[in-house]
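User: Could you take a close look at the salt bridges in this model for me? I would like to see how they sit within the rest of the chain.

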Amino acid sequence: MNINDIKTPAYVCYLPKLINNLEILKSVGDESGAKVLCALKGFAFSLAMPYVDKYLWGATCSGLHEAKFAKEFIKNGEIHTYSPAFKDEDFDEIMQISNHIVFNSPNQISKFKQMALDKGIECGLRINPESSFSPKDIYNPCAKFSRLGTTKANLLKALKEDKSLLDGIGGLHFHALCEESSQSLKKVLDKFKADFGEFIHGVKWVNFGGGHHITKKGYDIKLLINLIKEFRDEFGVDVYLEPGEAVGWECGDLISSVLDIVENEKNIVILDTSAEAHMPDTVLMPYRPAVVGEKKSGKFEYRFGGNTCLAGDIVGLEEGDADYRFDKPLKVGDRIIFKDQIHYTIVKNTTFNGIKLPDLVLVDENADVIKKIEFGYEEYRRRN
């Protein structure tokens, strides 16, 4: 089967592009000595996981279900698990799966640390460096009132109450970036070292978190490598990176079909996909996803709407420019390809209004289908 024959809607991952991203990430690890993990919260495309397992150090998970997913697909690497708070009923199974467990607070350390250490698991603490770079507060893990990570003031307070709190804690973790540059990482590292230097000297590893836009064109990879080398030399620790978006960056699209075109002062295309259910970050960020074949100067103008009853299920509406232009008129049956829609989409999908989840498709350099996963009614039924 060729990509042109697949049913829509479908997320299509282009294997050569994925491998190119993985090779870049692996080279960063090889040259800097860092251990690069795939953050499943941003990229958990099951058909791609065997390649992630081949190129990267492992996966980082946000709870039990992501950890179970990692266990199924990561055969050669490490599995790291962090959660804002672990549930008692999940923790035993998380310990059976994880090589590293990172706690969010002194309370969580006090409650779970010894159990994990008794199992031989590497334990860490997520700290909040109170320095961050993110496009909006909804994506800013170090924003005011953030629940993610422990500030220096709270750590010092906890240590006054329990001097043995960090005994057995082998590493520190911070996450302060979102689609950011290595220049932004340098600024965060300067703050991190200034505030937590005394604690860094007492651990074996530090995790720089995610949000590194490593595979984006123009990213200063050389600076990233130098920052990691300098940090490892200064503190004598291992360094982890956990990109998610950078793994899937520009290696997959969402392909949909035109079901109808209606007129109401504008030409409005109804698609078999949904911005609300299938491209949630375009609504939350918000941003206007690029479409294959669109022309800014095109004389045929259309607004794209999802096939749900939500009035606001319009692509690009939140950014203020929801209209797409083309040189030729669209017609029912045409395919609309939304570019770069494979990270932070599949992991956030919903079946709102009973709309079908897009299929997952992996294709080779000739656009021939290697594997696919199809979805239908059962996914809706099991969630309702």
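Here is the request in full, followed by one connected reply.

User: Which residues does Glu 374 and its salt bridge partner link across the chain, and where do they lie?

Analyst: Happy to help! This is a predicted model, in which local features need pLDDT of at least 70 and side-chain atom pairs count only at pLDDT 80 or more, while totals for chains, interfaces and linings use all residues. Residues are numbered from 1 along each chain as its sequence is written, and side-chain values use heavy atoms, with hydrogens and water left out.

Let me start with your pair. Glu 374 forms a salt bridge (a side-chain nitrogen of Lys or Arg within 4 Å of a carboxyl oxygen of Asp or Glu) with Lys 7, and their closest N and O atoms are 3.9 Å apart. The two belong to distant parts of the chain, 367 residues apart: Glu 374 sits in the loop between strand S16 (369–373) and helix H12 (377–382), and Lys 7 in the segment before strand S1 (10–14). Helices (H or I, at least four residues) and strands (E, at least two) are DSSP runs, numbered from the N terminus. Glu 374 is partly exposed, with a relative accessible area of 42%; buried means under 20% relative accessible area, exposed over 50%, and partly exposed in between, with a 1.4 Å probe and protein chains only.

This pair belongs to a total of 19 salt bridges in the structure. Side chains of opposite charge can pair when their charged atoms come close. Another example joins Lys 191 to Asp 195, with 2.6 Å between the closest N and O atoms. Here both partners are in helix H7 (residues 182–200), and because they are four residues apart, about one helical turn separates Lys 191 from Asp 195. An α-helix has 3.6 residues a turn, so residues three or four places apart point the same way. Lys 191 is partly exposed, at 28% relative accessibility.

A further pair is Lys 356 with Asp 359, whose closest N and O atoms are 2.7 Å apart. Lys 356 is partly exposed at 26%, whereas Asp 359 is buried at 4% relative accessibility. Elsewhere, salt bridges with shared partners connect Lys 266, Glu 301, Arg 303, Asp 323 and Arg 325 in one network.

Back in helix H7, Ser 182 is worth a look too. Its relative accessible area is 0%, so Ser 182 is buried. Leaving aside residues up to four places away in sequence, Ser 182 touches Tyr 219, Asp 220, Leu 223, Leu 224 and Leu 227, where contact means heavy atoms within 4.5 Å. Gly 218, by contrast, is exposed at 73% relative accessibility, and is found in the loop between strand S8 (205–207) and helix H8 (221–235). The C-alpha atoms of Gly 218 and Ser 181 are 9.1 Å apart, with their positions 37 residues apart along the chain.

For the wider setting, the chain has twelve helices and 16 strands, and 53% of its 384 residues count as buried. Contacts between residues 24 or more positions apart make up 69% of those with a separation of 6 or more. The C-alpha trace spans about 70 × 40 × 40 Å along its principal axes.
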